[in-house]
Amino acid sequence: MILIKAWYRFTGLILKWFYRVVFGGGFRYGKRFHMRRAFQLTVENGAKVTLGDDVFFNDFCALHARKAISIGDGTIFGENVRIYDHNHRFADPTLPIKDQGYTEAPVTIGEHCWIGSNVTILKGVTIGDNVVIGAGCVVAQDVPSNVIVRQDAKLSMEEIRR
């Protein structure tokens, strides 16, 4: 197990270096940022991706930015999480969707959040601090701080503790 963890750390360092070279100032990360296997990052059109200290991405996570994605300190991600700050336009039925461009809006995720496996976070969303997003959720609207989101409910931490 120690060899596997060492391998993840080594390949993570190489990938961080690679992304810094390719995306330059468009990709900033804090201390102890770590990602596991098959992490993907896309930064286009002058977008900015900013990650705080102690941010962790599990296997197969992806960030795709055309505007801005910001993630606060201590936030952790389960496997296969996707974050998009853009979406295809599709209003004109006479044009192929791929030719209609994009709508864009920044994504902001607060500090000390836990984003469960297979979550998709869409453009324009702000997630507060200390939020838990349950596995499999699609987040298309803002989430206030100190809330747990599941597919069937949005609950405050107080409701959970009762």
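A residue counts as buried under 20% relative accessible area, as exposed over 50%, and as partly exposed in between. Arg37, with a relative accessible area of 44%, is therefore partly exposed. This value, like the others below, comes from a predicted model.

Arg37 has a salt-bridge partner in Asp59, and the closest N and O atoms of the two are 3.4 Å apart. Asp59 sits in the loop between β5 and β6 (62-65), while Arg37 sits in the loop between β2 and β3, so the pair ties together parts that are 22 residues apart in sequence. Asp59 has a relative accessible area of 5%, which means that this residue is buried.

A second salt bridge joins the side chains of Asp54 and Arg32, at 2.7 Å from N to O. Here Asp54 belongs to the loop between β4 and β5 (56-57) and Arg32 to the loop between β1 (27-29) and β2 (34-35), so this contact also ties together parts that are 22 residues apart in sequence. Asp54 is partly exposed because its relative accessibility is 35%. Arg32 reaches 54% and therefore counts as exposed.

The side chains of Lys98 and Asp99 also meet in a salt bridge, with 3.3 Å from N to O. Lys98 is exposed at 67% relative accessibility, whereas Asp99 is partly exposed at 46%. Glu44, Arg66 and Glu104 are joined into one network by salt bridges that share partners. The count of salt bridges in the model comes to five.

The strands come next. Strands of a sheet pair through backbone hydrogen bonds, in a parallel or an antiparallel sense. One open sheet has five strands in the order β3-β6-β9-β14-β17, and their pairing is parallel. At its edges lie β3 (40-43) and β17 (138-139), each of which pairs on one side only. Within this sheet, β9 (residues 82-84) and β14 (residues 120-121) are paired in the parallel sense over two bridges. Arg82 has Thr120 of β14 as its bridge partner.

Strand β7 (residues 68-71) has pairings of its own. Four bridges join it to β4 (residues 48-51), and the two run parallel. Three bridges join β7 to β12 (residues 107-109), again in parallel. Ile71 takes part in both pairings: this residue is the bridge partner of Leu51, and it stands opposite Ile109 in β12. The side chains along β7 alternate, with Ile69 and Ile71 buried and pointing to one face, while Ala68 and Ser70 point to the other and are not buried.

The aromatic residues complete the picture. A pair of aromatic rings is described by the distance of the centres and the angle of the planes. The structure holds twelve such pairs. In one of them, the rings of Phe33 and Phe39 have centres 6.2 Å apart and planes at 65 degrees; planes over 60 degrees apart count as edge-to-face, so this pair is edge-to-face. Phe33 has a relative accessible area of 1% and is buried, and Phe39 is buried at 4%. Phe33 also pairs with Phe57, with ring centres 6.1 Å apart and planes at 85 degrees, so this pair is edge-to-face as well. The contact links distant parts of the chain, since Phe33 lies in the loop between β1 and β2 and Phe57 in strand β5, 24 residues apart. Both Phe33 and Phe57 are buried. Phe33, Phe39 and Phe57 belong to one aromatic cluster that also includes Phe18, Tyr19, Phe23, Phe27, Tyr29 and Phe77.

Methods
Residues are numbered from 1 along each chain as its sequence is written. This is a predicted model: local features need pLDDT of at least 70, side-chain atom pairs count only at pLDDT 80 or more; totals for chains, interfaces and linings use all residues. Side-chain values use heavy atoms; hydrogens and water are left out. Two strands pair if DSSP finds at least two bridges between them. Buried means under 20% relative accessible area, exposed over 50%, partly exposed in between (1.4 Å probe, protein chains only). A salt bridge is a side-chain nitrogen of Lys or Arg within 4 Å of a carboxyl oxygen of Asp or Glu. Rings of Phe, Tyr and Trp (its six-membered ring) pair if their centres lie within 6.5 Å; planes under 30 degrees apart count as stacked, over 60 as edge-to-face and the rest as tilted.
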